[in-house]
Amino acid sequence: MPNKSPENTELVWHIQKRLNELGYDVSVDGDLGPRTYWDQSETLTAILDHLGGPVNLPDPAPARPSASGKKIFIDVGHGQKPDGFDPGAVNAGSGITEHQLNLIAARACATVLATAGATVSVDDSNRHNYSAGKAAKGSDICISIHHNSAGASAQGSEALYHAHKGNAQDKALAKLAAKAMAEELGVRNRGGKPMGLSVLSGARDVGVPVAIPHRAGEALARAVLEHLDG
């Protein structure tokens with residue numbers, strides 16, 4: 001019979017499984033092998049009646065969020081600047097810089113978003129912060145990634161939006177980002193917070209929704225996808 005799956009069809013695999021459960025020795029379609037489809041027919045109806053009714057198929061998997069057609073600009077916090085290299089926070093023991101962690105998180109975030117169909121730019125250019133924000137012009141979302149150094153009372157996940165130029169969309173994205181990263185990392189959710197940073201101002205001045213996430217890349221990407229899907 002045709003190997004297709006129109007509406008109101010039953011999986012051969014599930015029929016085989018039901019027959020086996022009832023004690024029948026069947027070897028059809030590879031005996032619980034690849035899942036193919038039968039069209040509705042009198043033969044199929046008779047089989048299902050004999051088995052006690054239709055086979056209950058699992059609900060289809062939920063559609064994966066798509067970012068197709070969206071442009072995402074990711075600014076790697078700190079790094080080379082016109083007036084010299086800015087490492088950001090530095091671990092005194094290992095010497096690992098914030099900029100190194102920002103780049104790792106940015107690439108992880110970009111991979112997830114690109115897989116979902118977005119066009120992603122990871123920007124680690126030699127620009128001042130305000131210019132880095134303006135470089136996002138034409139993007140649907142701008143993200144600037146940072147890892148701050150702080151004492152225990154200030155540790156956690158937070159995302160910033162511009163204190164004066166931010167809108168409801170910015171606030172919603174920041175809230176989602178902070179929550180997703182907190183859950184992924186098992187840290188306190190410090191939420192979305194307003195702040196007048198120059199990179200935020202630059203992006204907002206060219207009309208791009210923006211948030212700065214503090215920590216994690218893949219979780220951030222999932223938050224962006226949820227934001228776009230909503």
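Contact here means heavy atoms within 4.5 Å. Keep that cut-off for the tour of this predicted model.

**Stop one: Leu 113.** Select Leu 113 and skip its neighbours within four places in sequence. What is it in contact with? The partners are Ile 72, Ile 74, Ala 118, Val 120, Ala 221, Val 224 and Leu 225.

**Stop two: the largest core.** Widen the selection. Leu 113 belongs to the largest nonpolar core, which has 29 residues. Ile 72, Ile 74, Ile 143, Leu 220 and Val 224 join Leu 113 as the residues with the most contacts inside this core. Now colour the suppliers: strands E3 (71-76), E7 (141-145) and E8 (157-162), plus helices H4 (98-115), H6 (168-185) and H8 (218-229). Each supplies at least two residues of the core. Nonpolar side chains tend to be buried together in soluble globular proteins.

**Stop three: the other core.** Apart from the largest core lies another, of five residues. Select Ala 136, Cys 142, Ala 203 and Val 208, which are among them.

**Stop four: helix H4.** Show H4 alone. Its 18 residues reach 26 Å from first C-alpha to last, close to the 26 Å expected. Its buried residues include polar ones to click on: Glu 98, His 99 and Asn 102. Leu 103, Ala 106, Cys 109 and Ala 110 are also among the buried residues. Bring back E3, E4 (79-81), E5 (84-86), E6 (119-123), E7 and H8: the buried residues of H4 pack against them. Gly 117 follows H4, with a positive phi near 105 degrees.

**Stop five: helix H7.** Select residues 198-205. How many of the eight are buried? Six are, so label Val 199, Leu 200, Ser 201, Gly 202, Ala 203 and Arg 204. Just after H7, Gly 207 takes a positive phi of about 80 degrees.

Notes:
Residues are numbered from 1 along each chain as its sequence is written. This is a predicted model: local features need pLDDT of at least 70, side-chain atom pairs count only at pLDDT 80 or more; totals for chains, interfaces and linings use all residues. Side-chain values use heavy atoms; hydrogens and water are left out. A nonpolar core is a set of buried Ala, Val, Leu, Ile, Met, Phe, Trp, Tyr and Cys residues joined through side-chain atoms within 4.5 Å. Buried means under 20% relative accessible area, exposed over 50%, partly exposed in between (1.4 Å probe, protein chains only). Helices (H or I, at least four residues) and strands (E, at least two) are DSSP runs, numbered from the N terminus. The expected span of a helix is 1.5 Å times one less than its number of residues.
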